[in-house]
Structure formats: C-alpha cells, structure tokens
Amino acid sequence: MSVNFDEIIERRGSHSVKWDKMEAVYGVSPENGLPMWVADTDFKPPQAVNDAVTALADHGIHGYYGGDETCRAAVCGWMQRQHGWEIKPDDIFFAHGLGAAISLCLTAFTKKGDGVIVFSPVYHAFAKYINANDRVLVESPLINDNGRYSMDIPALEASLTGKETMMIFCSPHNPGGRVWSRQELREVADLCARHDIILISDEIHHDLVFPPHKNIAMPLAAPEISNRLIMLVAPSKTFNIAGGMTGCVVISDPELHKKYSNASIAAGVHNNRYGMTMLEAAYNNGDEYVADLVEYLAENHRIFDEGITKIPGVKSMKLEATYLAWVDFSDTGMPMEEVKSRVEKHAKIAANYGETFGNGGKNFLRFNLGCRREVVIDAVDRLQEAFKDLQ
Ligand SMILES: Cc1ncc(COP(=O)(O)O)c(C=O)c1O
C-alpha cells in the first residue's frame, strides 16, 4: 500500500469543514459523531505531495508563483497515462478550484437570464453558481431505474425553449456514481451540438472509478464538439488536496480559450503556490496511490451497501465511481425529517441532505465513504441500530 488508509489521523481542530463545522450544521458533536458529509477524504495524499509541501516550508519563502510548465506537463502526463486523453499543455488554465472555474465559465460564455442545464439530482453547488450569477437553472431530472440513474435526453430536448446556452455535466455523476457510457456521452454531445449549447464536462471524480467501469473523457467520446467543450479536471478529490484550491480547465478551441482567458484575467486569478506544488507532485507520483485507493474504497462500498440494505426500505445506489454513497429512504415510509433525526440524533452521523441536490433528491441522504474502514463499519452498526424497529 502506498499509504495506510487505516491510519488514525486527528482532524478535529485542523480547520476541517467536515469535522469542525458538523456540529454547527447538523448538531452532531465531533466528540462521538461521524462526519460523512463534505466530499473530502480523511486520507493523507501520496508521500511525495507532503514531501513537496515540506520542501516549500523548509525553503521558507512564499512569494508569487511563476513558471508553471512543469505543472502543465504533470497534468498532461496524468491524463495520458490514466485516461488515454492527450492534451496540449497550452490548453490548460489553472483555476482556484472547479467551483470557481464553473463560475468563470458562466461569466465567460453566458449572459444574465440564459438557461443552464444540469441533470438533477446533482452536486448542489452547480445550482448555487448558476443562481448567484443570475442565470436560470434548468433541471433535467434523471430517471431512477431500479437504483441506477439514466438521462432522459428526449424529454430534455422537448422541453428546450431556445434560451439554454450552457450545460454543466457531471461525469462521473455526483451523486449516484454513474459512469456514463460512450453512447450516453455521445447523446449529450449531440444534443449540445444540435442546440448550440456550450458543454462544461466536470470530470473531477474521474480517477475514482470502480472496475470494470471506465470513465471516458468527453473529448474521446465526442471529438467533434471541441468547439463547444470545456473540460474540468482536478487532483483535489483523488488525492485529498482540495484545500489547495487548484483545478484545471482544459479548452482546445481558440475562441473559447480567449474568452475564458479574459474572464480569468478579469477575476484576477493567479496560481496558488501550494495548490500548484501539490498538483504537480500528485499527478507525477500518484499512480500507485490511486490504484490502492480505488481498491480500498470499493471495499468500503461493499461493506456499507451490504449493511445498509439489511435495513428494510433502505437502498444504497450501486456506485460505479466516487466515494459518495447515495441512499434512498423512500421505502421506509418515514418522513425525511424523522429519517434525518434518527441519523443525526441517534446514529450521530452527519450526512448531506438529498433535497439540496435538486429534483429527485429529497428522499435521499449522501454518505461520504472516504474514511477509515472502521468508521464505515461503525456507521453501518449505528444506522442499523437507529432503524432497528424496522427490522
Ligand atoms: C462534481 C463536482 N464539481 C466540483 C466540486 C468542487 O470542486 P472544488 O473544490 O475544486 O471547487 C465538487 C466537490 O464536491 C464536485 O463534486
């Protein structure tokens, strides 16, 4: 193992949102509660990442960062090795995280009042960025087919008004963990081409895919839409370095490239020394780590799913990717207020509320399994106990 994922690392009092804000948000104390909400893991990154940060601290000078060629090369190398996706170093922009990148894309490529399509339920911040930029959220509900999401492209197409100018696509999907097939990717790309829609493909979760599934980068599935495609990728989820606030925006079309460049300059974006240093070290040295991590997470899923489905009426979606279990409580027949109260007050677990992910999410909770195995086992015990009257 490249890293011991079972190592106990105290995160309380370390400015961790997941640990240090859970009491304020959920009323669950970090003393004996389990934080299973915010999507970061409790794992150390590859040793090379921490060594690089230590070298920065040892050098002791923290001025402006310049000369990002080695970072670009690291991104290109990773995408080529891990995803078979060849990118040109100059097509990459570095952003202050992918949330910031999405917001910049909204300002660069759309105008106030434009419709922006998402497939819901989906990562809750998409709606936040769309609304805060005064664009109109257009939700295309996913079909939940026996615990597996699929898109309803004909229904979406029939509902289009002509005001939609952008789609924010999550691939693999958060939540629900779908790895979209080549055919599905092509349907999305074709729809965008037919209706002159800019496609943002947010592939932040693309490294954490469970065999035999394989994520296909959108440019490989639909090379002909490069004139309308913005790719978002980052090492933040994979290597647990989201605090470095550094992600990549890859744009090969010259016109879109220029527009994004202007928006990025207008927003005063500079590279973050710590984020860039971690990104470079992770992408250059993380291959073995990601293989180990995927194996570890797959077992966390297996244990969680097996345990949770023993509770009558509770179903966890079969994840093809991500460490985010998406659990459906509909068949318990319980109001969600009761479910949440049991999870938080009885099981003492903080999990994301499904309704914040938009249409179709309200009977779900999302549990973060990017934690030690022992915590997953404990969570299953606590949940079984909290709902034991249903047995
Ligand atoms: C699909 C998706 N995009 C973007 C983000 C946020 O990225 P960042 O932390 O780089 O802003 C997340 C975080 O959970 C996510 O799930």
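**Entry 1: α5 against α11**

I began with the packing of two helices in this predicted model. Helix α5 covers residues 98-109 and helix α11 covers residues 254-266. I found their axes 9 Å apart, at an angle of about 115°. I noted the crossing of α5 and α11 as right-handed. From α5, the residues that make the contact are L104, C105, T107, A108 and F109. From α11, I listed K259, Y260, A263 and S264. Sorted by class, this contact of α5 with α11 holds 6 nonpolar, 2 polar and 1 charged residues.

**Entry 2: α5 against α6**

I then followed α5 to another neighbour, helix α6, which runs over residues 125-132. Here the axes come within 10 Å and cross at roughly 35°. I wrote this crossing down as right-handed. The α5 residues in the contact are G99, I102, S103 and L106. Facing them from α6 are A125, F126, Y129 and I130. I counted the classes for α5 with α6 as 6 nonpolar, 2 polar and no charged.

I asked myself why residues three or four places apart point the same way. An α-helix has 3.6 residues a turn, so they do. With that in mind I reread the α5 list for the α6 contact, where I102 and L106 both appear. I also reread the α11 list for the α5 contact, where K259 and A263 both appear.

**Entry 3: lengths of α11 and α3**

What span should the 13 residues of α11 have? At 1.5 Å a residue I expected 18 Å, and the end C-alpha atoms of α11 are 18 Å apart, so the two agree. Just after α11, I came to G268, which takes a positive phi of about 70°.

I did the check again on helix α3, residues 47-59. Helix α3 has 13 residues and reaches 18 Å from its first C-alpha to its last, close to the expected 18 Å. Just after α3 stands G60, with a positive phi of about 85°.

**Entry 4: the ligand**

How many residues surround the ligand? I found 13, and the closest are A39, G97, L98, G99 and Y123. G99 was already in my notes, as one of the α5 residues in the contact with α6. By class, I recorded the shell around the ligand as 7 nonpolar, 5 polar and 1 charged residues.

**Entry 5: two domains**

I looked up how the chain is divided. Domain 1 takes in 17-46 and 287-390, and domain 2 takes in 61-285. I noted 26 Å between the C-alpha centres of domain 1 and domain 2. Across the boundary, 29 residues of domain 1 are in contact with 34 residues of domain 2. On the domain 1 side, the elements that give two or more residues are α13 (287-308) and β12 (324-328). The largest share of that side, 5 residues, comes from α13. I divided the residues of that side into 15 nonpolar, 8 polar and 6 charged.

**Entry 6: backbone exceptions**

Most residues other than glycine have a negative phi, and most peptide bonds are trans. I looked for departures from this.

Which residues does a cis peptide bond with omega of about 0° join? They are S120 and P121. I placed P121 in the loop between β3 (115-120) and α6.

A cis peptide bond also joins N174 and P175, with omega about 5°. P175 lies in the loop between β7 (164-170) and α8 (182-194).

Last, I checked H15, a residue other than glycine with a positive phi, near 60°. I found H15 in the segment before α1 (17-20).

Definitions and conventions. Residues are numbered from 1 along each chain as its sequence is written. This is a predicted model: local features need pLDDT of at least 70, side-chain atom pairs count only at pLDDT 80 or more; totals for chains, interfaces and linings use all residues. Axes are lines fitted to C-alpha atoms, for helices over the stretch in contact, and angles run from 0 to 180 degrees between N-to-C directions. Helices (H or I, at least four residues) and strands (E, at least two) are DSSP runs, numbered from the N terminus. A crossing is left-handed if the near helix is turned anticlockwise from the far one by less than a right angle, and right-handed if clockwise. Two residues are in contact if their C-beta atoms, placed from the backbone, lie within 7 Å. Ala, Val, Leu, Ile, Met, Phe, Trp, Tyr, Cys and Pro count as nonpolar, Asp, Glu, Lys and Arg as charged, and the others, Gly among them, as polar. A residue is near a molecule or strand if its C-beta atom, placed from the backbone, lies within 6 Å of it. The expected span of a helix is 1.5 Å times one less than its number of residues. Domain bounds come from an automatic or database domain assignment.
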